[in-house]
Amino acid sequence: MTIDTNEAVLTPPGQARMGVLRSDGQYRLIACAPVPAGARLFAIDGEPTDVPSRYSIQIDTHRHLDLPRDCPEDVIIDTYFWRYMNHSCEPNVRIHQQEVFASTDIRAGEEITFHYNTTEAHLAEPFACRCATAWCTGRIAGFAAAHPAERERLWPWAAPHLRALHQDPDGHAAPSVDGLPQS
Ligand SMILES: [Zn+2]
């Protein structure tokens, strides 16, 4: 990977397979080595709160993990690097409780993304997605606001607290994914 003054990969301690790419003042989480589908990448560490923010990740019905207040950038990169994980409508990781797993084979250098609607019931700050994947639905506002057909597509990856809010569209128990236990 090319490293110059404008582009650098910052590797959090203990994370051999991923890093934070700084490019043109923007940060994003990338794989630094190939990651096979199903592999566990890391656990999300954060401050529990009942108030979602732009960056928080919802882990239960009334529980979110957020960055500590006024957290310095170097601490975010070392400990809270998940904050740089962007949304994609066709992502390559999924979040199970606080653990992040590859949902596809991931190439070295590929950006690590998850679908915000698989953890968030209501986004604190809905946005217009421009990921340009075949599945892109444009506006991302949370699982509760997604079209029923989109909820059905995301169902296998949706967090237990989202499944609890919305019945399985088929009325059946949802299948487990990647051999992970069903919650
Ligand atoms: Zn999209």
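**Exercise 1. The three-stranded sheet**

Determine the strand order of the open three-stranded sheet in this predicted model, and state which strands stand at its edges.

*Solution.*
Step 1. The open sheet runs in the order 1-2-3, and its pairing is antiparallel.
Step 2. Strand 1 (7-10) and strand 3 (26-31) each have a single partner strand, so they stand at the edges and one side of each is left without a neighbour in the sheet.
Step 3. From one strand to the next, the twist averages 30°.

**Exercise 2. Register and hairpin**

State how many bridges join strand 2 to strand 1 and to strand 3, and identify a residue pair for each.

*Solution.*
Step 1. Strands of a sheet pair through backbone hydrogen bonds, in either a parallel or an antiparallel sense.
Step 2. Strand 1 pairs with strand 2 (residues 18-23) over four bridges, in the antiparallel sense. Leu10 has Val20 of strand 2 as its bridge partner.
Step 3. Strand 2 and strand 3 also run antiparallel, joined by six bridges. Here Arg22 stands opposite Tyr27 of strand 3.
Step 4. The hairpin of strand 2 and strand 3 has two residues between the strands, and Asp24 takes a positive phi near 50° in this hairpin.

**Exercise 3. The nonpolar core**

Identify the residues with the most contacts to other members of the largest nonpolar core, and the elements that supply two or more of its residues.

*Solution.*
Step 1. The largest nonpolar core holds 31 residues, of which Leu29, Leu41, Val93 and Ile112 touch the most other members.
Step 2. Two or more residues come from each of strand 2, strand 3, strand 4 (40-43), strand 9 (93-96) and strand 10 (99-102).
Step 3. Consider Leu41 as an example. Apart from residues up to four places away in sequence, Leu41 touches Arg17, Met18, Val35, Val93, Val100, Phe101 and Ala102.

**Exercise 4. Three loop residues**

Classify Ala159, Asp70 and Ala132 as buried or exposed, and locate each in its loop.

*Solution.*
Step 1. The cut-offs are 20 or more other C-beta atoms within 10 Å for a buried residue and 12 or fewer for an exposed one.
Step 2. Ala159 lies in the loop between helix 2 (148-154) and helix 3 (160-165). Ala159 has 23 other C-beta atoms within 10 Å and is therefore buried. Leaving aside neighbours within four places in sequence, its contacts are Ile95, Thr118 and Thr119. The C-alpha atom of Ala159 is separated by 8.8 Å from that of Gln58, although the two residues are 101 residues apart along the chain.
Step 3. Asp70 is found in the loop between strand 7 (63-66) and helix 1 (73-79). Asp70 is exposed because 5 other C-beta atoms lie within 10 Å. Its phi, near 55°, is positive in a residue other than glycine.
Step 4. Ala132 occupies the loop between strand 12 (127-128) and strand 13 (139-140). Ala132 counts as exposed, since it has 9 C-beta neighbours inside 10 Å. Although not a glycine, Ala132 has a positive phi of about 65°.

**Exercise 5. The chain as a whole**

Summarise the secondary structure, burial, contact range and confidence of the model.

*Solution.*
Step 1. The protein has three helices and 13 strands.
Step 2. Of its 183 residues, 30% are buried.
Step 3. Among contacts between residues at least 6 apart in sequence, 49% join residues at least 24 apart.
Step 4. The mean pLDDT is 89, with 87% of residues at 70 or more. Residues 172-183 have pLDDT below 50, and this stretch has 15 contacts in the model beyond near neighbours in sequence.

How values were computed
Residues numbered from 1 in each chain as written. Predicted model: local features only at pLDDT ≥ 70, side-chain atom pairs only at ≥ 80, totals over all residues. Contact = placed C-beta atoms within 7 Å. Pairing = 2+ DSSP bridges. Axes fitted to C-alpha atoms, helices over the stretch in contact; angles between N-to-C directions. Core = buried A, V, L, I, M, F, W, Y, C linked by C-beta atoms within 7 Å. pLDDT = per-residue confidence, 0-100.
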